[in-house]
Amino acid sequence: MEIEYGVQIRKATEADLRDIVRVWKGNIRTINTSSDIADLYHSFERYFFVVSMVDKVIGFVGGAIRRGHGHISGLAVAKDYRMKGIGKRLLKIVDHEFLASGFDKVTLEVRKSNWGAMKFYKKQGYRRACLIKGYYADGEDAIVYEKKI
Ligand SMILES: CC(C)(COP(=O)(O)OP(=O)(O)OC[C@H]1O[C@@H](n2cnc3c(N)ncnc32)[C@H](O)[C@@H]1OP(=O)(O)O)[C@@H](O)C(=O)NCCC(=O)NCCS
């Protein structure tokens, strides 16, 4: 699917894995190792999409199924390409895939300090569900968001 000239969203393939790891680690404060990310991809590849600009991967979304509903495990857009509607498109496309496989609720966790992402998710219809104290390895709390799709 072409968003604008040269920018495409498509299903991720095995060949994109290195780029997904690069964008994931470069843009998200995470403790996920490359092998954690590869395991997630291999378990839930149906829910992984990448955005590419010509040949370069500039963003991705990694979805999963967790406790009977959709879950966003990772979402990032490279700095130079933010605020152009790409994150929104990535969420829409993975929502569509969740619905197609019979899941109509999606959850995700955000670091308590990640105000930008919280504003973004609110705009996409997510509402704050609860807080998990000390969820991240460095002790930061996570805010759980959820949405009916
Ligand atoms: C969160 C993120 C994926 C958003 O991607 P993006 O492509 O910049 O978002 P979009 O351009 O689709 O924005 C959609 C809407 O959210 C708003 N928005 C996006 N980022 C925002 C921010 N940091 N602060 C306030 N609003 C924001 C946009 O203004 C836009 O609003 P509009 O629909 O009224 O025009 C991107 O900022 C990112 O990769 N951040 C670093 C990684 C991260 O924190 N991921 C989430 C936690 S896993």
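**Fold, core and ligand shell of the predicted model**

Ile58 is found in strand β4. In this predicted model, Ile58 counts as buried because 20 other C-beta atoms lie within 10 Å of its own, and 20 or more is the cut-off for a buried residue. Leaving out residues up to four places away in sequence, Ile58 touches Val51, Ser52 and Met53, together with Val77, Ala78 and Tyr81. Asp138 is 80 residues from Ile58 along the chain, and the C-alpha atoms of the two are separated by 27 Å.

The protein chain contains four helices and eight strands. Along the sequence these elements follow the pattern β-β-α-α-β-β-β-α-β-α-β-β. For a chain of 149 residues, a compact globule would have a radius of gyration near 15 Å, and the 14 Å of the protein chain agrees with this. Along the principal axes, the C-alpha atoms fill a box of roughly 40 × 30 × 30 Å. Buried residues account for 27% of the 149 residues. Of the contacts between residues at least 6 apart in sequence, 56% join residues at least 24 apart.

Strand β3 pairs with both β2 and β4. Strand β2 (residues 7–11) and β3 run antiparallel and are joined by five bridges. Six bridges join β3 to β4, and these two strands also run antiparallel. Val51 of β3 has a partner in each pairing: Ile9 stands opposite Val51, and Val51 stands opposite Gly59 in β4. The hairpin of β3 and β4 has two residues between the strands, and in this hairpin Val54 takes a positive phi near 55 degrees.

In soluble globular proteins, nonpolar side chains tend to be buried together. The largest nonpolar core of the model has 31 residues, and those with the most contacts inside it are Ile20, Phe49, Phe60, Val61, Leu90 and Val94. Two or more residues of this core come from each of the helices α1 (17–27), α2 (34–44) and α3 (86–100), and from each of the strands β3 (48–53), β4 (56–66), β5 (69–77), β6 (105–111) and β8 (142–148). The largest share, five residues, is contributed by α3. Phe60, one of the core residues with the most contacts, touches Ala12, Ile20, Val23, Trp24, Phe48, Phe49, Val50, Val51 and Ala76 when residues up to four places away in sequence are not counted. Val51 is thus among the residues touched by Phe60 and among those touched by Ile58.

The ligand is surrounded by 20 residues, of which the closest are Arg82, Gly87, Lys88, Gly116 and Lys119. At least two residues of this shell are supplied by each of β5, α3 and α4 (115–123). Helix α4 gives the largest share, five residues. Sorted by class, the shell consists of nine nonpolar, six polar and five charged residues. Helix α3 therefore appears both in the list of elements that give two or more residues to the core and in the list of elements that supply at least two residues of the ligand shell.

Positive phi values also occur in loops. Arg67 is found in the loop between β4 and β5. Phi of Arg67 is near 45 degrees, a positive value in a residue other than glycine. Arg67 is exposed, because 7 other C-beta atoms lie within 10 Å, and 12 or fewer is the cut-off for exposed. Met83 lies in the loop between β5 and α3 and has a positive phi of about 60 degrees although it is not a glycine. Met83 counts as exposed because it has 9 C-beta neighbours inside 10 Å.

Tyr136 lies in the loop between β7 (127–132) and β8. With 15 C-beta neighbours inside 10 Å, Tyr136 counts as partly exposed. Apart from neighbours within four places in sequence, Tyr136 is in contact with Arg111 and Ala142. Arg46 is 90 residues from Tyr136 along the chain, and their C-alpha atoms are separated by 26 Å.

How values were computed: Residues are numbered from 1 along each chain as its sequence is written. This is a predicted model: local features need pLDDT of at least 70, side-chain atom pairs count only at pLDDT 80 or more; totals for chains, interfaces and linings use all residues. A nonpolar core is a set of buried Ala, Val, Leu, Ile, Met, Phe, Trp, Tyr and Cys residues joined through C-beta atoms within 7 Å. Two residues are in contact if their C-beta atoms, placed from the backbone, lie within 7 Å. Two strands pair if DSSP finds at least two bridges between them. A residue is near a molecule or strand if its C-beta atom, placed from the backbone, lies within 6 Å of it. Ala, Val, Leu, Ile, Met, Phe, Trp, Tyr, Cys and Pro count as nonpolar, Asp, Glu, Lys and Arg as charged, and the others, Gly among them, as polar. The radius of gyration is taken over C-alpha atoms; the globule rule is 2.2 Å times the number of residues to the power 0.38.
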